[in-house]
Amino acid sequence: MTNIDLEYENTVKFLFSQLPMFQRDGASAYKKDLTNTIKLCQFLGNPEHQFKSVHVAGTNGKGSSSHYLAAIMQKAGYKTGLYTSPHLKSFTERIKINGVEINKEAVVEFVDLIKPLIKEIKPSFFEITVAMCFHYFAKEQVDIAIIEVGMGGRLDSTNVIIPEVSLITNISNDHQQWLGNDIATIAGEKAGIIKEHIPTVISERQPEIESVFVERAKQLNSHLYFAEDYVQVRTNEGLVINTDNMEVNVHHVQEAAYQQRNLKGVIKVVEILRDRGFDVNESAIVAGVEEAFAITGLKGRWQKLGSRPLKYCDVGHNEAGLRYVISQIKNYTFDKLHIVIGVVNDKELTSVMQLLPKEAQYYFCQADIPRALPAAKLQQVASEYDLIGYCIPNVNKAIEVAENNASENDFIFIGGSNFVVAEIEGL
């Protein structure tokens with residue numbers, strides 16, 4: 001192991017062990033104000049104002065949308081930053097420029113730089129990573145950065161940027177204990193990224209919460225665009241994307257139909273960026289959409305892991321996300337369905353359990369984090385909904401048993417949580 005590898009390993013251990021981390025700890029790591037983020041940014045010379053950006057919030061679809069946007073802008077020739085969370089395998093996945101993860105030296109240097117402030121203000125893990133991304137993007141002089149909200153929007157650490165345009169994707173119930181118990185309240189938190197005089201795109205019109213965005217945008221004189229009013233996407237040996245200004249033919253589409261739902265919002269954002277001086281031609285849009293996840297290195301979004309039997313994983317973990325997953329599975333022909341599933345202990349389970357198919361064979365597992373719901377508890381709750389299977393706590397052991405039980409004409413799905421997918425060996 002080289003010196004920098006050792007220094008990096010020690011630095012990441014420090015971040016993981018010393019700082020409250022929502023990914024691991026849940027509620028105790030959630031900070032309900034921007035005070036620490038503002039202090040960190042001021043200490044660093046306010047890097048968040050030194051590059052142009054797009055801010056992306058939403059319950060489902062914000063990760064895919066962020067990756068699509070980053071790929072398109074990169075293909076258009078711009079040095080493009082991308083900040084997403086959580087990471088699956090490596091901490092450095094969170095911060096990328098042109099698809100390349102932040103280097104270990106930059107991580108070590110940044111933490112050394114702000115260690116005195118860490119001791120003084122005791123920020124969360126997420127607050128540190130957001131400040132790191134701002135510092136890195138400013139230092140590397142990116143042309144534009146796509147910044148994905150962690151949770152909510154209004155009080156999320158990323159909400160100190162002044163973007164070129166904000167994008168809000170589908171809203172559904174998730175993280176209710178932090179964001180609110182009804183979809184309108186959750187939408188209000190997401191609407192917190194709308195900025196004065198900055199245009200806002202809503203990916204998907206949802207009648208029950210439309211007024212939340214309309215009223216917030218009106219208060220702030222933000223020009224609001226419901227993407228479906230401006231962008232049409234139809235299937236025709238691929239996808240045909242139409243706006244008033246262009247027609248784009250995408251021949252090779254992502255396998256998951258639910259990812260295509262996000263394209264209307266993505267394309268409208270690109271049109272606004274073009275209006276604001278970015279030169280993005282149709283070929284960049286086609287290449288960005290067709291090659292998005294290869295360009296940006298996105299993992300765990302309807303990712304194929306094997307053929308005989310078919311084996312897929314997906315990080316969808318709330319009711320809406322799992323609804324997409326179940327509908328996607330129905331597009332395939334197979335003999336028997338095997339589902340390897342684990343969830344976190346703060347997840348509302350009733351709506352999830354009601355969605356899952358009773359005819360599947362289940363393998364209940366738990367990720368190796370304190371927030372994981374014990375596999376035995378998940379099995380017990382599932383049995384109340386006639387979902388029957390094995391209790392195998394170790395994720396990879398559960399996958400192995402599913403593979404041994406499956407015939408080559410079967411289908412294996414692995415998911416329920418980001419953290420289950422993160423532990424898949426070889427992903």
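## A small hollow and two sheets

The largest cavity in this structure has a volume of about 50 Å³. Keep in mind as you look around that this is a predicted model. How many cavities of 30 Å³ or more does a search of the whole structure find? Just one. How can you look for such spots at all? Rolling a probe the size of a water molecule over the atoms shows where empty space is left.

Now for the walls. The residues that line the largest cavity are A70, Q74, T80, L82, K96, I97, N98, G99 and T296. Sorted by class, that lining has three nonpolar, five polar and one charged residues. Helix α4 and the strands β2 and β3 each supply at least two residues of the lining, and those three elements lead us straight to the sheet they belong with or pack against.

**The eight-stranded sheet**

Eight strands make up an open sheet with mixed pairing, and their order is β4-β3-β2-β5-β1-β6-β7-β8. At the edges you'll find β4 (100–101) and β8 (224–226); each has a single partner strand, so one side of each is left without a neighbour in the sheet.

Let's zoom in on β5. This strand (residues 144–148) pairs with β1 (residues 53–57) in the parallel sense, over four bridges. β2 and β5 are also joined in the parallel sense over four bridges. What holds paired strands together? Strands of a sheet pair through backbone hydrogen bonds, either parallel or antiparallel. Here are some residues that sit across from one another, including a pair from the other sheet:

| Residue | Partner | Strand of the partner |
|---|---|---|
| V54 | I146 | β5 |
| H55 | I147 | β5 |
| T80 | I144 | β5 |
| K304 | Y312 | β13 |

Is β5 mostly covered or mostly open? It's mostly covered, with five of its five residues buried. In a regular strand the side chains alternate between the two faces of the sheet. You can follow that pattern in β5: I144, I146 and E148 point one way, A145 and I147 point the other way, and all are buried.

Helices lie against this sheet too. Helix α4 (residues 62–75) packs on the sheet and touches β1, β2 (80–83), β5 and β6 (165–168). The direction of α4 makes about 175 degrees with that of β5. Helix α6 (residues 125–139) lies across β2, β3 (95–97) and β5, and runs at about 15 degrees to β3.

**A buried serine**

Where is S222? In the loop between α9 (210–219) and β8. S222 has 7% relative accessibility, so it counts as buried. Leaving out residues up to four places away in sequence, S222 touches I194, K195, H197, I198, P199, T200 and A217.

**The six-stranded sheet**

There's another open sheet, with six strands in the order β12-β13-β17-β14-β15-β16 and mixed pairing. The edge strands here are β12 (303–306) and β16 (389–391), and because each has a single partner strand, one side of each is left without a neighbour in the sheet. On average, neighbouring strands of this sheet are turned by 20 degrees against each other, direction ignored. β12 and β13 (residues 310–314) run antiparallel and are joined by three bridges. Across that pairing, K304 stands opposite Y312 in β13.

This sheet has a helix packed on it as well: α17 (residues 395–405) touches β13, β14 (337–341), β15 (361–364), β16 and β17 (411–415). The direction of α17 makes about 175 degrees with that of β14.

Key. Residues are numbered from 1 along each chain as its sequence is written. This is a predicted model: local features need pLDDT of at least 70, side-chain atom pairs count only at pLDDT 80 or more; totals for chains, interfaces and linings use all residues. Side-chain values use heavy atoms; hydrogens and water are left out. Two strands pair if DSSP finds at least two bridges between them. Contact means heavy atoms within 4.5 Å. Axes are lines fitted to C-alpha atoms, for helices over the stretch in contact, and angles run from 0 to 180 degrees between N-to-C directions. On a 1 Å grid over the protein atoms alone, a cavity is a set of points where a 1.4 Å probe fits but cannot get out, and a pocket is an open set with protein on both sides within 12 Å along at least five of seven lines; lining residues have an atom within 4 Å of a point. Grid points are joined across faces, edges and corners, and a volume is the space filled by probe spheres set on the points. Ala, Val, Leu, Ile, Met, Phe, Trp, Tyr, Cys and Pro count as nonpolar, Asp, Glu, Lys and Arg as charged, and the others, Gly among them, as polar. Buried means under 20% relative accessible area, exposed over 50%, partly exposed in between (1.4 Å probe, protein chains only).
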